[in-house]
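Q: Got a minute to go through this one with me? I'd like to talk over the pocket, the core and the salt bridges.

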Amino acid sequence: MMDTPDIGSIAEMADTPEKKLEHLGLKLPALRSPVGSYVSCVRTGNLLFTAGQGVDEFHGKLGRDLTTEEGYLAARQSILNLLSVVKAELGELSKVKRIVKVLGMVNSTEDFTDQPAVMNGASDLLGQVFGDKGKHGRSAVGMAQLPNNTAIEIEIILEVEGGED
């Protein structure tokens with residue numbers, strides 16, 4: 001879909017996920033406030049479950065208002081929003097042992113079938129930032145509508161260092 005730097009070359013340039021993001025020219029955005037009666041993440045033992053994160057930059061339906069490439073960029077931004085949540089919870093992204101599961105919900109028309117290509121925006125970035133730890137199981141599904149007409153919403157499950165204190 002899009003040209004992305006080789007994962008190996010990024011790993012050679014930086015030793016922490018934060019530095020890898022910096023080398024990619026990316027910054028973690030400010031935390032977004034929940035839009036309902038929930039918290040942004042819940043930790044149980046060595047697993048961290050995030051709430052879904054949409055994006056402020058991309059609105060509308062894939063297949064009508066947005067292209068697959070714009071959806072790819074929306075998925076990257078959604079993962080950056082999620083990594084902000086994870087960093088706030090853990091203090092540093094190097095405490096992530098493994099990205100376990102990614103669920104991507106794509107606001108799309110009935111005939112749009114490129115949800116996996118859209119979600120590659122998230123998966124590719126996780127691979128660039130975490131290397132082998134970023135390899136994950138994934139679901140990419142189309143939705144009739146998402147809150148605030150956001151193009152995408154993603155949630156992740158991560159294995160993290162240690163258990164709860």
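Q: Let's start with N148: buried or exposed?
A: N148 is exposed, with a relative accessible area of 63%. Keep in mind that this is a predicted model.

Q: Where is N148 found?
A: In the loop between β4 (137-143) and β5.

Q: What about the phi of N148?
A: Positive, about 60°, although N148 is not a glycine. Most residues other than glycine have a negative phi.

Q: And what phi does N149 have?
A: N149 also has a positive phi of about 60° and is not a glycine either. N149 sits in the loop between β4 and β5, but N149 counts as partly exposed, because its relative accessible area is 30% and the exposed class begins over 50%.

Q: OK, pocket time. How much space lies in the largest pocket?
A: About 260 Å³.

Q: Which residues are closest to its centre?
A: R32, V35, Y38, G54 and N148, out of the 17 residues that line the largest pocket. So the N148 we began with is one of those closest to the pocket centre, and N148 is an exposed residue.

Q: How does the lining split by class?
A: The lining of the largest pocket has 8 polar, 6 nonpolar and 3 charged residues.

Q: R32 is in that list. What does R32 form a salt bridge with?
A: With D56; the closest N and O atoms of that pair are 2.9 Å apart. The pair links distant parts of the chain, with R32 in the loop between α2 and β1 (41-44) and D56 in the loop between β2 (47-50) and α3, 24 residues apart.

Q: How exposed is R32?
A: R32 is partly exposed at 25% relative accessible area. Its partner D56 is exposed, at 53%.

Q: How many salt bridges does the count come to?
A: The count comes to 5 salt bridges. Another one is K87 with E18, where the closest N and O atoms are 3.0 Å apart. K87 lies in helix α3 and E18 in helix α2, so this pair ties together parts that are 69 residues apart in sequence. K87 is partly exposed, with a relative accessible area of 30%.

Q: What about D65, which residue does D65 form a salt bridge with?
A: R64, with the closest N and O atoms 3.2 Å apart. R64 is exposed at 57%, while D65 is partly exposed at 41%.

Q: What else is D65 in contact with?
A: E70 has D65 as a contact, along with F58, leaving aside neighbours of E70 within four places in sequence. E70 is in helix α3 and counts as partly exposed at 30% relative accessibility.

Q: Let's switch to the inside. How many residues has the largest nonpolar core?
A: 37 residues, and those with the most contacts inside the core are I79, V86, F130, I152, I154, I156 and L158.

Q: Which elements each supply at least two residues of this core?
A: α3 (68-90), β3 (96-107), α4 (115-130) and β5 (152-160). The largest share, 9 residues, comes from α3.

Q: Why might so many nonpolar side chains be buried together?
A: As a general rule, nonpolar side chains in soluble globular proteins tend to be buried together.

Q: Take F130: what is F130 in contact with?
A: P17, L83, L93, V96 and I99, leaving aside neighbours within four places in sequence.

Q: One more Phe: is F112 buried or exposed?
A: F112 counts as buried, at 11% relative accessibility. That residue is found in the loop between β3 and α4.

Q: Which residues does F112 touch?
A: L62, G63, T68 and V118, not counting residues up to four places away in sequence. On C-alpha positions, F112 and K61 are 9.2 Å apart in space and 51 residues apart in sequence.

Q: Last one, where does H23 lie?
A: H23 is in helix α2 (residues 17-23), and H23 is partly exposed, with a relative accessible area of 44%. From H23 to V129, C-alpha to C-alpha, the separation is 9.8 Å, with their positions 106 residues apart in sequence.

Conventions. Residues are numbered from 1 along each chain as its sequence is written. This is a predicted model: local features need pLDDT of at least 70, side-chain atom pairs count only at pLDDT 80 or more; totals for chains, interfaces and linings use all residues. Side-chain values use heavy atoms; hydrogens and water are left out. On a 1 Å grid over the protein atoms alone, a cavity is a set of points where a 1.4 Å probe fits but cannot get out, and a pocket is an open set with protein on both sides within 12 Å along at least five of seven lines; lining residues have an atom within 4 Å of a point. Grid points are joined across faces, edges and corners, and a volume is the space filled by probe spheres set on the points. Ala, Val, Leu, Ile, Met, Phe, Trp, Tyr, Cys and Pro count as nonpolar, Asp, Glu, Lys and Arg as charged, and the others, Gly among them, as polar. Helices (H or I, at least four residues) and strands (E, at least two) are DSSP runs, numbered from the N terminus. Buried means under 20% relative accessible area, exposed over 50%, partly exposed in between (1.4 Å probe, protein chains only). A nonpolar core is a set of buried Ala, Val, Leu, Ile, Met, Phe, Trp, Tyr and Cys residues joined through side-chain atoms within 4.5 Å. Contact means heavy atoms within 4.5 Å. A salt bridge is a side-chain nitrogen of Lys or Arg within 4 Å of a carboxyl oxygen of Asp or Glu.
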